[in-house]
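Q: I am new to this structure. Please take one part of it and look at it closely, starting from the cysteines and ending at the strand you find most telling.

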Amino acid sequence: MDTVSPESLLCRLDEIPDGDVTAVEGVGALDGESVIVQRRGGEVRAWLNVCPHAGRRLDYAPGRFLLKDELLICAVHGASFNRNDGICVAGPCRGEHLRALAVSVRDGEVWLTG
């Protein structure tokens with residue numbers, strides 16, 4: 001991956017429905033990568049959109065994810081990830097983590113910070 005900038009704008013906070021998850025495609029230093037962005041109120045978490053089991057995207061259609069309670073479920077093999085910390089709690093990669101990305105919210109925008 002080429003680094004374009006230490007900080008890159010991912011999206012506006014209001015583009016993510018509260019309590020939901022979406023995907024943002026290749027921005028800044030993550031050109032060519034897909035990023036999972038989760039919003040709960042003003043709090044945002046982000047991970048690379050890559051299942052540690054097989055290296056495939058977790059979404060079943062671009063930006064559309066299977067969610068059940070506190071779990072984010074890989075559409076390919078059913079691995080279930082805790083939405084609080086990205087750890088796989090069930091499925092073929094149990095105990096592995098999604099790759100977390102540092103983000104911050106400023107003035108209604110979500111920024112990749114490192």
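A: Cys11 is buried, with a relative accessible area of 7%. Buried here means under 20%, so Cys11 qualifies. Keep in mind that the model is predicted. How many disulfides does the structure hold? The count is zero. Cys51 is in no disulfide, and the nearest cysteine sulfur, that of Cys74, lies 4.0 Å away. A disulfide needs two cysteine sulfur atoms within 2.5 Å, so this pair does not count as one. Cys51 is buried too, at a relative accessible area of 2%.

Now the setting. The protein chain has eleven strands and zero helices. Read from the N terminus, its elements run β-β-β-β-β-β-β-β-β-β-β. For 114 residues, a compact globule would have a radius of gyration near 13 Å; the chain has 13 Å, so the two agree. The C-alpha trace spans about 35 × 30 × 25 Å along its principal axes. Of the 114 residues, 37% count as buried. Take the contacts with a separation of 6 or more: 42% of them join residues 24 or more positions apart.

One sheet is open and has three strands, in the order E1-E11-E10, with antiparallel pairing. E1 (8–12) and E10 (103–106) stand at its edges. Each has a single partner strand, so one side of each is left without a neighbour in the sheet. Neighbouring strands here are turned by 30° against each other on average, direction ignored. E10 pairs with E11 (residues 109–112) over four bridges, in the antiparallel sense. Val103 stands opposite Leu112 in E11.

The close look belongs to another sheet. This open sheet has four strands, ordered E2-E3-E4-E9, and the pairing is antiparallel. Its edge strands are E2 (21–25) and E9 (100–101), and each pairs on one side only. Strands in a sheet pair through backbone hydrogen bonds, which may run parallel or antiparallel.

Focus on E3, which covers residues 34–40. Why is E3 described as largely enclosed by the rest of the structure? Six of its seven residues are buried, so the rest of the structure largely encloses it. On one flank, E3 pairs with E2 over five bridges, in the antiparallel sense. Glu25 stands opposite Ser34 in E3. E3 also pairs with E4, through six bridges, again antiparallel. Here Val35 stands opposite Leu48 in E4.

The link between E3 and E4 is a hairpin with two residues between the strands. Gly41 sits in that turn and has a positive phi of about 65°. E4 itself covers residues 43–48, and two bridges join E4 to E9 in the antiparallel sense. Ala46 stands opposite Leu101 in E9.

Inside E3, look at Gln38. Is Gln38 buried or exposed? Gln38 is buried, because its relative accessible area is 2% and the limit is under 20%. The side chain of Gln38 still makes a polar contact, at 2.7 Å, with the side chain of Arg83. Which residues touch Gln38, once neighbours within four places in sequence are left aside? They are Asp20, Val21, Glu43, Val44, Arg45, Trp47 and Arg83.

Next comes Asn84, which lies in the loop between E7 (80–82) and E8 (88–90). Asn84 is partly exposed, with a relative accessible area of 35%. That value falls between the 20% and 50% limits, so Asn84 is neither buried nor exposed. Leaving out residues up to four places away in sequence, Asn84 touches Arg40, Arg45 and Glu70. The side chains of Asn84 and Arg40 are joined by a polar contact of 3.1 Å. Asn84 and Arg45 are 39 residues apart along the chain, yet 8.2 Å separates their C-alpha atoms.

Back to the strand, then. E3 has E2 as a partner through five bridges and E4 through six. Gln38 within it is buried, and its side chain reaches Arg83 by a polar contact.

Key
Residues are numbered from 1 along each chain as its sequence is written. This is a predicted model: local features need pLDDT of at least 70, side-chain atom pairs count only at pLDDT 80 or more; totals for chains, interfaces and linings use all residues. Side-chain values use heavy atoms; hydrogens and water are left out. Buried means under 20% relative accessible area, exposed over 50%, partly exposed in between (1.4 Å probe, protein chains only). A polar contact is a pair of N or O atoms within 3.5 Å; within protein, one must be able to donate a hydrogen and the other to accept it, and residues adjacent in sequence count only if both atoms are side-chain atoms. Contact means heavy atoms within 4.5 Å. Two strands pair if DSSP finds at least two bridges between them. Axes are lines fitted to C-alpha atoms, for helices over the stretch in contact, and angles run from 0 to 180 degrees between N-to-C directions. The radius of gyration is taken over C-alpha atoms; the globule rule is 2.2 Å times the number of residues to the power 0.38.
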